[in-house]
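Here are some short exercises to work through with the model open beside you. Try each one before you read its solution.

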Amino acid sequence: MGRIIAIANQKGGVGKTTTAVNLSAALAAAGKKTLIIDMDPQGNTTTGLGLDKNELEHTIYEVISDEISFNECICPNVFENLSLAPANRNLAGAEIELMTVDRMQYILKEKLHDTVENFEFIIIDCPPALGMLTVNAMTAADTVIVPIQCEFYALDGLTQLMYTIELIQKSLNPNLKIEGAVFTMYDARTNLSLQVVENVKSYLNQNIYKTIIPRNVRLAEAPSHGLPINVYDPKSVGAESYQMLAEEVISNGGKEQ
Ligand code: ADP
Ligand code: MG
């Protein structure tokens, strides 16, 4: 059975998609059969892996609106060992449509059921909101990884995110665990990044990955080439750090808390 990990933080621009894409690619490169699910109507994961989001016949939207099975939306092996369940702006409609469906929080979990055994890791890139798409992701997931951008406002919203995770643990998914928080866009030249890391560590009573993702321009460039960092520039510090993060995720084995 694959481990299902949601990458979530309701703040935009903190590195969710960058982490989802490059962690998935690093897991795949380590020989783990990996599926990445794009749950964001912006479809950045989809374009970041080289697909034209406007040319897709089958996306996660058709899965959620019950037109196709989960397996039908999967683009197999977009890179070796890495398959993609893509999304585009149609998915924005699902947020509303789900409101009228029975057991609306469980749709993704139920749809994924037959797919889980085909992969070792399933990584879900969440949208920047705590709406029904994120709730579906967290209900389907075994664990959550929270990317935290090393900036002054890093703590803003974390309380709300932790509270949402608690609510989901109490009702929809009692087995959900926080896999860990990962710092992103760390800038070693500023004291601010260091301070943010210290502040968040003392505030968050959670696992924090030892790997800290530095600010690295190659990570920002890679999506415009439709490539994960380990293909675009395998020697970059960005590629190295996501590989280290993948090693930590693999060795955590989902049992940490
Ligand atoms: P989110 O999915 O949380 O909105 P993204 O992963 O899209 O965040 O990141 C926001 C922006 O920051 C993107 O332009 C991305 O390329 C850039 N970015 C993310 N992580 C890094 C990093 N470690 N170094 C440099 N740029 C980064
Ligand atoms: Mg994103």
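**Exercise 1.** Determine the handedness of the crossing of α1 and α12.

*Solution.* The crossing of α1 and α12 is right-handed, that is, the near helix is turned clockwise from the far one by less than a right angle. Helices here are DSSP runs of H or I with at least four residues, strands are runs of E with at least two, and both are numbered from the N terminus. This is a predicted model, in which local features need pLDDT of at least 70 and side-chain atom pairs count only at pLDDT 80 or more, while totals for chains, interfaces and linings use all residues. Residues are numbered from 1 along each chain as its sequence is written, with chains lettered from A and ligands numbered from 1 in the order in which they are written.

**Exercise 2.** Find which residues of α1 meet α12, and sort them by character.

*Solution.* Start in α1 with Asn22, Leu23, Ala26 and Leu27. Across from them, α12 supplies Tyr242, Gln243, Leu245, Ala246 and Val249; contact requires C-beta atoms, placed from the backbone, within 7 Å. Sorting this contact gives seven nonpolar, two polar and no charged residues. Here Ala, Val, Leu, Ile, Met, Phe, Trp, Tyr, Cys and Pro count as nonpolar, Asp, Glu, Lys and Arg as charged, and the others, Gly among them, as polar.

**Exercise 3.** Give the strand order of the open sheet and name its edges.

*Solution.* Seven strands line up as β3-β4-β2-β5-β1-β6-β7, with mixed pairing; strands pair if DSSP finds at least two bridges between them. At the edges, β3 (75–79) and β7 (177–184) each pair on one side only. Now look inside the sheet: β2 (residues 34–38) and β5 (residues 121–125) run parallel over five bridges. One of these links Thr34 to Phe121 in β5.

Key
Contact = placed C-beta atoms within 7 Å.
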